[in-house]
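Colleague: I would like a close look at a single part of this model, with its surroundings described in some detail. Please take one helix and follow it outwards to whatever open space lies beside it.

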Amino acid sequence: MKISRIETFLVPPRWLFCRVETDEGLIGWGEPVVEGRAEVVRSAVEVLSEYLIGEDPLRIEQHWQVLTKGGFYRGGPVLSSAVAGLDQALWDIAGQAYGAPVHALLGGPVRDRVRVYSWVGGDDPDEVADAIAAQVEAGMTAVKMNASGQLSAIPTAAEVAGVVRRVAAAREVLGDGRDVAIDFHGRATAAGARRILPELAPFHPLFVEEPLLPEQGHLLHDVVTSSPVPVATGERLFGRAEFLTPLGAGVAVLQPDLSHAGGISEVRRIGAMAEPYGAVLAPHCPLGPIALAASLQIAFSTPNFLIQEQSIGMHYNGAAELLDYVVDPEPFRFVDGHIRRPEAPGLGITVDEAAVRAAAREGHAWRNPVWRHDDGSFAEW
């Protein structure tokens with residue numbers, strides 16, 4: 001069997017899909033994307049495809065090694081994301097070729113269902129109680145929300161109080177039997193995180209996500225040791241080596257993204273690497289159906305898995321939704337805040353190719369907002 005064609009599709013709201021076709025008729029799908037830079041990743045996929053055309057799709061590890069190391073300049077979000085989507089598609093083909101779900105090829109499932117969480121609120125979530133109540137009514141057992149809007153380098157008393165107020169409102173609605181995770185989106189400084197995180201301890205967040213920017217890993221140890229709340233990070237890290245610093249700092253939760261951090265092949269290794277550190281995996285996934293399907297295959301086969309992010313109904317999605325691009329939504333059906341284990345071959349979903357091709361005719365040019373402080377200086381979004 002040989003790879004005969006590779007196509008990419010820029011589809012709303014902000015995603016990029018790739019389709020890998022073989023000369024025996026098997027087709028695998030992947031989701032190689034950097035949100036806000038999808039067109040750039042598309043070009044990287046086209047360059048990497050030059051190597052893959054004519055190759056045996058089942059030599060996944062060999063291809064991963066060449067795609068990631070075959071160029072003198074390696075790594076980074078664009079190349080790692082291009083590899084990630086192609087890797088997903090190759091695993092999808094392998095599962096179909098062997099008649100098994102990917103989790104079976106990774107050693108078999110270690111659980112029967114995977115806990116998921118939903119997003120509530122937008123970038124400045126002043127009113128979250130109603131949104132959380134709706135998720136509770138829908139059966140969700142966990143939610144995540146942004147901690148704040150813009151943060152000063154040294155948070156003011158009002159900024160700290162605003163974060164605490166939102167988390168307190170969330171806890172009041174959730175009660176003690178459900179969880180809330182708090183995303184700082186890299187908006188805090190180390191000093192800001194040390195000031196804010198202890199104030200959140202009485203509300204027992206599941207974790208606080210990305211309190212620091214990824215390039216400030218050398219400051220993580222002080223934040224972790226000063227925080228009574230578990231710290232999570234990893235959505236903007238792109239390979240095993242980059243996760244060594246957070247693990248050494250004592251981060252509790254790793255959040256590699258299956259569409260950024262080298263795909264299924266690399267994220268399974270990141271999960272294994274985290275085990276001796278006592279860290280758990282909560283894959284980042286505010287993306288489309290292929291990324292979520294790949295994430296679930298990792299979740300079902302990874303012992304030290306915690307919880308899965310998913311984007312159904314997320315505020316970034318707008319007019320297009322995750323379920324618009326699959327033939328059957330059943331693999332993504334929530335039961336008591338969980339997704340049941342899929343048994344279909346490959347990634348376990350059937351992509352609606354007609355819907356994808358139609359959406360690609362519209363395309364998108366999504367860009368993340370650029371924020372500024374009151375004095376006109378740049379602010380982290």
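**Helix H2 and its surroundings**

Modeller: In this predicted model, the buried residues of H2 pack against four helices, namely H1 (38–52), H3 (76–98), H9 (240–249) and H10 (263–274). Helix H2 itself spans residues 60–69, and its buried residues are Ile60, His63, Trp64, Leu67 and Thr68. These residues lie on the same side of H2, because the arc they cover around the axis is only 115 degrees.

Two of the buried residues of H2, Trp64 and Thr68, also bear on the open space that you asked about, since the second largest pocket has Trp64, Thr68, Gly75, Ser80 and Phe238 as the lining residues nearest its centre. That pocket is lined by 18 residues, and H2, H3 and H9 each supply at least two of them; H3 and H9 are also among the helices against which the buried residues of H2 pack. The volume of the second largest pocket is about 290 Å³, and its lining divides into 7 nonpolar, 6 polar and 5 charged residues.

For context, the largest pocket holds about 790 Å³ of space, and of the 33 residues that line it, Glu35, His185, Arg236, Asn368 and Trp381 are the closest to its centre. The lining of the largest pocket comprises 15 nonpolar, 6 polar and 12 charged residues.

Terms used. Residues numbered from 1 in each chain as written. Predicted model: local features only at pLDDT ≥ 70, side-chain atom pairs only at ≥ 80, totals over all residues. Heavy atoms only, no water. Buried < 20%, exposed > 50% of the residue type's maximum accessible area, 1.4 Å probe, protein only. Arc of directions from axis to C-beta. Contact = heavy atoms within 4.5 Å. 1 Å grid on protein atoms, 1.4 Å probe; cavity = no way out; pocket = protein on both sides within 12 Å on 5 of 7 lines; lining within 4 Å. Points joined across faces, edges and corners; volume = space filled by probe spheres on them. Nonpolar A, V, L, I, M, F, W, Y, C, P; charged D, E, K, R; others polar.
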